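Visitor: Please pick one part of this model and take me through it closely, strand by strand if need be. I would like to see how the pieces are arranged around it, and then what the rest of the chain does beside it.

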Amino acid sequence: MDYLCIVPRIPLDDKVEIVESLVQGGGPAATAVVAAARLGAATVFCGAIGDDGRGLQIVKAFQTEGVDVTGMKISKGAESPAAYSWVDNTSGKRSIVWTHGSAVPLAGADITAEQLQDVDVLHLDGHQTQAAIAAAKLARSCGVLVSIDAGTVVPGIDELLELSDIVIASKKFAEAYTGTSCVSDGVRKLFFGQRKFAGVTVGKNGSIGFDGENYFECPSYQVEKIVDTTGAGDVYHGAFAVAVARGMSWDVSMRFATIAAALKCTELGGRTAIPDFETVERLMNC
Ligand SMILES: Nc1ncnc2c1ncn2[C@@H]1O[C@H](COP(=O)(O)OP(=O)(O)OP(=O)(O)O)[C@@H](O)[C@H]1O
Ligand SMILES: [Mg+2]
């Protein structure tokens, strides 16, 4: 759950008055799955929450979007995950502090082959790493594409990256993991293991991709006003997965994800302005 405030400036040892606030479901894979649902995909989310009020809100938000929640593990008496975010009113940039809460993490055995039947893409965000590794192995054995949002260098990430067909990293991750600040070198270094596509997102500077042969550059899509960039990466990942599942090529999938992510930035919250498929399709043809 995201607790978001637009503020005139991000204060440090100071006070400012809130311009606008919002409580909304968040989280990298969780918002990606909502984006995929909004863009017309049938979706299932697997994650761990508590049975507190926040947990109920998290589930309700998924259900409202039509996301299947049968893979949610709910721990009695536990606190659900939360993030508190301050968004700068001028730039849309933000500061975030967050907690996993105290819910029992997913175990490998919580993900079954049955759940992966008829699935095109398994999207992971690096959280719940042990379960993610087990799920990625299972997905590979079922012929399901494995995609990962590489946002944070966590223990187990090497194995997870090895197992992923699609790795799209934030610029920060790419720099930390590959040891280079040159994104075009970084994206090539992320192409290893079982990889079919590696990408790096660079905020308002767009994204780059590499499929082992071809290098792609996709500038960001220009919208009238950037209000809040929270979840831009998450929406990019969810939209990219939808595009790939629909059979779009890598570069067209990047363009599709780029437009969806930019539109997301036009309102407060990671999920508020996620567009539908027809809207993105129309803008792609403009
Ligand atoms: N200011 C912006 N204007 C237009 N598009 C943007 C902007 N910021 C982000 N995007 C789009 O969203 C994509 C992902 O953004 P970014 O690289 O910031 O993700 P991230 O680092 O994973 O952050 P987070 O997951 O916290 O949103 C970018 O590649 C770009 O296409
Ligand atoms: Mg991200």
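Guide: Gladly! One term first: contact here means heavy atoms within 4.5 Å. Please also keep in mind that this is a predicted model.

With that in hand, let's begin at helix H8, residues 250-264, which lies across strand E9 (166-170), E10, E11 and E12. Its direction makes an angle of about 20 degrees with E12. The strands beneath this helix belong to an open sheet of six, ordered E7-E8-E9-E10-E11-E12, in which the pairing is mixed. Its edge strands are E7 (121-124) and E12 (215-218), each of which pairs on one side only. On average, neighbouring strands in this sheet are turned by 15 degrees against each other, if direction is ignored.

Zoom in on one pair inside it: E10, residues 197-201, and E11, residues 207-210, are antiparallel partners over four bridges. A handy place to find the pairing on screen is Gly199, which stands opposite Gly209 in E11.

Now move to E7. Helix H3 (residues 129-141) lies across E7 and strand E8 (145-150), and it runs at about 165 degrees to E7. In the loop between strand E6 (94-99) and E7 you will meet Asp118. Its phi is near 65 degrees, a positive value in a residue that is not glycine. Asp118 counts as exposed, because its relative accessibility is 78% and the cut-off for exposed is over 50%.

That loop takes us back to E6, and so to another sheet. This one is also open, with four strands in the order E2-E1-E5-E6 and mixed pairing. E2 and E6 each have a single partner strand, so one side of each is left without a neighbour in the sheet. Here the average turn between neighbouring strands is 10 degrees, again ignoring direction.

Inside this sheet, both senses of pairing can be seen from E5. E1 and E5 (residues 82-88) are parallel and share six bridges, with Leu4 opposite Ser85 in E5. E5 and E6 are joined by six bridges too, but run antiparallel, and Trp86 faces Ser95 in E6 across that pairing. These two strands make a hairpin with five residues between them, and Gly92 in the turn has a positive phi of about 80 degrees.

Trp86 is worth a second look, since it also helps to make a nonpolar surface patch of about 340 Å² together with Ile10, Tyr84 and Val97. Ile10 comes to the patch from the loop between E1 and E2. It is partly exposed, with a relative accessible area of 34%.

The same stretch of chain deserves one last stop. Asp13 lies in the loop between strand E1 (2-7) and strand E2 (20-24). Like Asp118, this residue is not glycine and has a positive phi: the value for Asp13 is near 55 degrees, and that for Asp118 is near 65 degrees. Asp13 is exposed, because its relative accessible area is 82% and over 50% is what exposed requires.

Terms used:
Residues are numbered from 1 along each chain as its sequence is written. Chains are lettered from A and ligands numbered from 1 in the order in which they are written. This is a predicted model: local features need pLDDT of at least 70, side-chain atom pairs count only at pLDDT 80 or more; totals for chains, interfaces and linings use all residues. Side-chain values use heavy atoms; hydrogens and water are left out. Two strands pair if DSSP finds at least two bridges between them. Axes are lines fitted to C-alpha atoms, for helices over the stretch in contact, and angles run from 0 to 180 degrees between N-to-C directions. Buried means under 20% relative accessible area, exposed over 50%, partly exposed in between (1.4 Å probe, protein chains only). Patches are made of residues with over 30% relative accessible area and no salt bridge: like charges are joined within 9 Å, nonpolar side chains (Val, Leu, Ile, Met, Phe, Trp, Tyr) within 5 Å. Accessible areas come from the Shrake-Rupley method with a 1.4 Å probe; for residues, only the protein chains shown count as cover. A salt bridge is a side-chain nitrogen of Lys or Arg within 4 Å of a carboxyl oxygen of Asp or Glu.
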